[in-house]
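Visitor: I would like a close look at a single part of this model, namely its pockets and what surrounds them. Please take me through it in one connected account.

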Amino acid sequence: MRRIRFIKSEKTRLGNPFRFQTAAVLHWPYALGGAFFIAAALLYWLFFSPNFVITRIAVDGNFALPPPAIQELIRAQLDSARWRAVSQQNIFALDSQALTKKITEQFVVEQVYVKKDRPHTLAITVSERPREAIWSTRGQFYALDVQGIVLGKTPRPTMGGSPVIYNESGGELSLKQQIISPAVLSFIAKLLDDERIKLLQPRFFIVPKSNSTELTLKVGEGWTVRFDAALSLEDQLHNLDLTLRNSIPPDKRAKLNYIDLRFGERVYVKYR
């Protein structure tokens with residue numbers, strides 16, 4: 001019979017197989033606490049410390065509205081909170097998309113670009129639709145685009161800029177309101193581009209009310225010319241030229257009040 005030999009194992013002490021795992025588990029609370037502390041410190045540094053508070057607002061661009069008008073809207077958003085906890089005075093917390101939407105909804109602009117120039121500057125570039133004319137009512141001036149839509153208030157214009165249209169009725173205006181037709185604005189642009197009108201040194205236009213086709217042009221000598229944008233511009237300019245050359249002596253032009261071209265071939269002249 002073959003005998004079986006039993007040999008004593010050399011691993012005399014295996015120990016507790018769970019001893020090292022238990023030690024590792026005991027270190028996890030410290031690791032989690034440290035990670036939480038680091039995350040909290042980072043969040044405080046990014047969102048609640050003064051390191052990233054917006055202290056400067058730069059507004060630039062070619063637009064009718066004066067910069068303070070947009071700055072006021074920006075400050076209103078800065079005073080609000082985001083995520084119900086973080087002030088939007090923090091440059092990371094500021095909602096750029098919401099701010100852009102507010103500007104485009106409240107003002108008639110073509111493009112808005114918001115840049116967070118960290119750590120403290122908010123830079124906003126606004127471009128408006130090309131202005132075609134300036135509308136004046138009740139002592140206020142408003143920029144109009146090519147469609148005759150109100151872009152917003154603008155400072156008192158200077159000579160040589162966009163044509164100025166004074167509204168005699170003094171009606172109320174609202175943003176994005178169309179107060180004059182594109183056809184009338186096109187009529188004005190062609191009129192001012194005519195060499196015969198340039199010689200008269202045009203100053204400004206007067207209209208009786210919004211969306212009227214009747215226009216009164218004030219010229220450099222102090223008298224006016226009355227047009228109707230619904231009629232042929234060339235015919236009216238031709239009648240004006242004939243009237244000035246054949247019907248009004250040079251010595252009487254100083255006493256001229258107006259020339260009315262709104263009735264076709266019938267031209268009416270009035271002296272002071």
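Visitor: How do the residues of the lining of the largest pocket divide into nonpolar, polar and charged?

Guide: This is a predicted model, and in it the lining of the largest pocket divides into 11 nonpolar, 4 polar and 2 charged residues. The lining is made up of 17 residues, and those that lie nearest the centre of the pocket are M159, G160, S162, V164 and R203. Two elements, β9 (164–167) and β10 (202–207), give two or more residues each to this lining, and it is β10 that gives the most, with 4 residues. The space that lies in the largest pocket comes to about 370 Å³.

The second largest pocket holds about 150 Å³ of space, and its lining can be listed in full: R196, L199, L200, L237, L240, D241, L244, R245 and R253. By character these residues divide into 5 nonpolar and 4 charged, with no polar residue in the lining. Here the elements that each supply at least two residues are α5 and α6 (233–247), with α6 giving the most, at 5 residues.

Among the residues of this second lining, R196 can be followed further. R196 is placed in helix α5, which runs over residues 195–199, and R196 counts as partly exposed because its relative accessibility is 29%, a value that falls between the 20% limit for buried and the 50% limit for exposed. Once its neighbours within four places in sequence are left aside, R196 is in contact with E234, L237, H238 and D241; with E234 there is also a polar contact, made from side chain to side chain at 3.3 Å. L240, which like R196 lines the second largest pocket, is 44 residues away from R196 in sequence, yet the C-alpha atoms of R196 and L240 are 9.2 Å apart in space.

Turning from the pockets to a further helix, α4 (residues 182–192) has as its buried residues V184, L185, F187, I188 and L191. These buried residues lie on the same side of α4, because they cover an arc of only 155° around the axis. An α-helix has 3.6 residues a turn, so residues three or four places apart point the same way. On the face of α4 turned away from that buried side are the exposed residues A183 and K190.

Definitions and conventions. Residues numbered from 1 in each chain as written. Predicted model: local features only at pLDDT ≥ 70, side-chain atom pairs only at ≥ 80, totals over all residues. Heavy atoms only, no water. Buried < 20%, exposed > 50% of the residue type's maximum accessible area, 1.4 Å probe, protein only. Contact = heavy atoms within 4.5 Å. Polar contact = N/O pair within 3.5 Å; in protein donor to acceptor, adjacent residues only side chain to side chain. Arc of directions from axis to C-beta. 1 Å grid on protein atoms, 1.4 Å probe; cavity = no way out; pocket = protein on both sides within 12 Å on 5 of 7 lines; lining within 4 Å. Points joined across faces, edges and corners; volume = space filled by probe spheres on them. Nonpolar A, V, L, I, M, F, W, Y, C, P; charged D, E, K, R; others polar.
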